[in-house]
Amino acid sequence: IPPTTSGPTEVPTEVPTPIPTTFSPTPCYNGTREEGITATVRNSVEDPSILDDANSAESQSLNWVITEDSARLDACSPNIVQRWTLGLLYFAMGAADWENNSGWLVDEDECNWYGLTCNEVSDGRMLQQEARKVVEVDLASSGVTGEVPVSLALLQDLTTLKLYDNKIVGSIPEDIFTLTNLKFFDVEENRMDGTLSSSISSWTDLRFLGLSNNTFDGTLPSELGLIPTLKNLWVANNDFRGTIPEEINALTKLRSLQMYSNEFSGTIPAMEGFVRLEIINIGFNKFNGTIPSAFYDAPDLESLLIQNNDFSGTLSSNIDNLVNLKKLFVNNNRLDGPIPFGIGNTALESLHLQSNKFTGSIPATIGNLVNLKNIDLSENDIDGSIPEGLWTIEALELVYLANNTLTGTLSSSFSSLGNNIRDIYLNGNNLNGQLPDIEPGTFGMLEELLLNNNDFVGTVPQSFCDLRNTTGVLTRLWHDCDVECSCCTFCTP
């Protein structure tokens, strides 16, 4: 008889499906537990024959899972491959000698092993039917050795891999680039080599790439430009060469660019719109051309380090946009022109312009840099007098103005420099007049004062000699031989 209504006449009371206290999966393999586990692992690895070598880390891990692992997983266990992969990591990378291998191969839950983090699962049913997955491996500074196993790529939920500061050798396995959830990859300070694969484009959610302090070589792949999420690109102190690919212009979220001490060459891409940059460290390469104008449009920039390259042109007057700039190292290039007046609008603590072709005078605004600790303008063509404001900066520790064409006398403010000052190099200029007395209680940390090859006259004040006698810190006091000095350690004829 057909129903007389289109639906039930009353809503039934909802009764929740009970969550079982145990999970008994349907057997997913034929044969013994050993045969099932072996078949599962063989079907997961790239080269199953490696399991036939009893001495291989892969075979050792398989034997551990089958015969020794207290978890007693079988082939149906959702984490059997993860468990074997972590065992492989243990045997392949010398875990027995790690500084901390707590829990490894001992605890039944691999999420409790040192350096591992698993995803958080709160649903009771899911806890029973789908085991937690390892999402972070952090074995930094742990004494890890050997090569990165290819099968590490089986940890497909991995978002973070930190292996820096170890003794890892070999290259980055190609299969590692199949870890498409990876956000953080850091293998800095190891002994790794090889090239950076174009397959890195598959890491489309990567935020941090750390390869520094290894012996990687080759060129940077243009596919780096396909990772728009990248915030930190650290490839310093390797053997990379060639130019920076233009595709890097797409990485506008970049905050830190560390490429120093390689063999990079050519000009720097425009990098327009990189307003989030905080650190640019590309020194000790073979870059040429001018400093990109975009570098002056990053208001959060704290470090601009481009020393020991072949850059030419001038420092832009737009440097006054860099109100957070603390470190400016452009030394040992071919830069010329004046030091911009706007440099006094920055927050500089270290200013290194030495060994260039800068001209003009030291801008008076230098005295605005109240946090300035180190200034090196040596080996340029800078003229004029030394701004009095420089000597009023109490934070000063190192002042190197040697081998320019500076003129004038040392102002009275020079006499009251604080106790932080350690080195003053004024040699090789055209400074003149009498060296002023120093005030009691100042210059207490002064180690080197080089005044030779100038036009000073008279006598070195006794207060400097007293400084040598009382503190014993002033070990180098150089002057011209025609200036009377009873305590100088060297004089220039």
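This is a short conversation about reading aromatic pairs, strand pairing, disulfides and one loop residue in a predicted model.

Trainee: Let's begin with the rings. How many aromatic pairs does a search of the whole structure find?

Mentor: Keep in mind that we're looking at a predicted model. The search turns up 17 aromatic pairs. Take Phe184 and Phe208 as a worked case: their rings are stacked, with 4.3 Å centre to centre and 5 degrees between the planes. The word "stacked" fits because planes under 30 degrees apart count that way.

Trainee: Where in the chain do Phe184 and Phe208 sit?

Mentor: Phe184 is in strand E6 (residues 184-186) and Phe208 is in strand E8 (residues 208-210). They are 24 residues apart, so this pair links distant parts of the chain.

Trainee: And are Phe184 and Phe208 buried or exposed?

Mentor: They get separate labels here. Phe208 has a relative accessible area of 8%, so it's buried. Phe184 comes out at 22% relative accessibility, so it counts as partly exposed. The line between those labels is drawn at 20%.

Trainee: What lies over the face of Phe184?

Mentor: That would be Lys162, at 4.8 Å from the ring centre.

Trainee: Can we try another ring pair? How are Phe216 and Phe240 arranged?

Mentor: They're stacked too, at 6.4 Å centre to centre and with 15 degrees between the planes. Check that distance against the cut-off: ring centres have to lie within 6.5 Å to pair. Phe216 belongs to strand E9 (residues 215-218) and Phe240 to strand E11 (residues 239-242), so parts that are 24 residues apart in sequence get tied together. Both Phe216 and Phe240 are buried.

Trainee: Which residues form one aromatic cluster with Phe216 and Phe240?

Mentor: Phe264, Phe287 and Phe311 join them in one aromatic cluster.

Trainee: Now for strands. How does strand E15 relate to strand E17?

Mentor: With strands, look at direction and then at the bridges. E15 (residues 286-289) and E17 (residues 310-313) run parallel and are joined by two bridges. For a residue-level view, find Asn288: its bridge partner in E17 is Asp310.

Trainee: Which strand does E17 pair with over two bridges in the parallel sense, besides E15?

Mentor: That's strand E19 (residues 334-338). There, Gly313 stands opposite Leu335 in E19.

Trainee: Let's turn to cysteines. How many disulfides does a search of the whole structure find?

Mentor: Four. One of them is formed by Cys111 and Cys118, with their sulfur atoms 2.0 Å apart. To get the handedness, read the torsion about the S-S bond: for Cys111 and Cys118 it is about -95 degrees, so that disulfide is left-handed. Cys111 and Cys118 are both buried.

Trainee: What about Cys465 and Cys487: which handedness does the torsion give?

Mentor: Left-handed, since the torsion about their S-S bond is about -80 degrees. The sulfur atoms of Cys465 and Cys487 are 2.0 Å apart. Cys465 lies in helix H5 (residues 462-471), while Cys487 is in the loop between strand E30 (476-480) and strand E31 (490-492), so the pair ties together parts that are 22 residues apart in sequence. Cys465 is buried with a relative accessible area of 3%, and Cys487 is buried at 10%.

Trainee: Which way round is the disulfide of Cys481 and Cys491, left-handed or right-handed?

Mentor: Right-handed, because the torsion about the S-S bond is about 85 degrees. The S to S distance is 2.0 Å. Cys481 is in the loop between E30 and E31, and Cys491 is in strand E31, so the bond ties together parts that are 10 residues apart in sequence. As for accessibility, Cys481 is partly exposed at 36%, and Cys491 is partly exposed with a relative accessible area of 36%.

Trainee: Last one: where is Thr290, and what is it in contact with?

Mentor: Thr290 is in the loop between E15 and strand E16 (303-305). With 52% relative accessibility, Thr290 counts as exposed. Leaving aside neighbours within four places in sequence, it is in contact with Phe311, Ser312 and Gly313. Compare Leu179: Thr290 and Leu179 are 111 residues apart in sequence and 38 Å apart in space, C-alpha to C-alpha.

Notes
Residues numbered from 1 in each chain as written. Predicted model: local features only at pLDDT ≥ 70, side-chain atom pairs only at ≥ 80, totals over all residues. Heavy atoms only, no water. Phe/Tyr/Trp six-rings, centres within 6.5 Å; stacked < 30°, edge-to-face > 60°. Helix = DSSP H or I, 4+ residues; strand = E, 2+ residues; numbered from the N terminus. Buried < 20%, exposed > 50% of the residue type's maximum accessible area, 1.4 Å probe, protein only. Lys NZ or Arg CZ within 6 Å of the ring centre and 35° of its normal. Pairing = 2+ DSSP bridges. Disulfide = S-S within 2.5 Å. Contact = heavy atoms within 4.5 Å.
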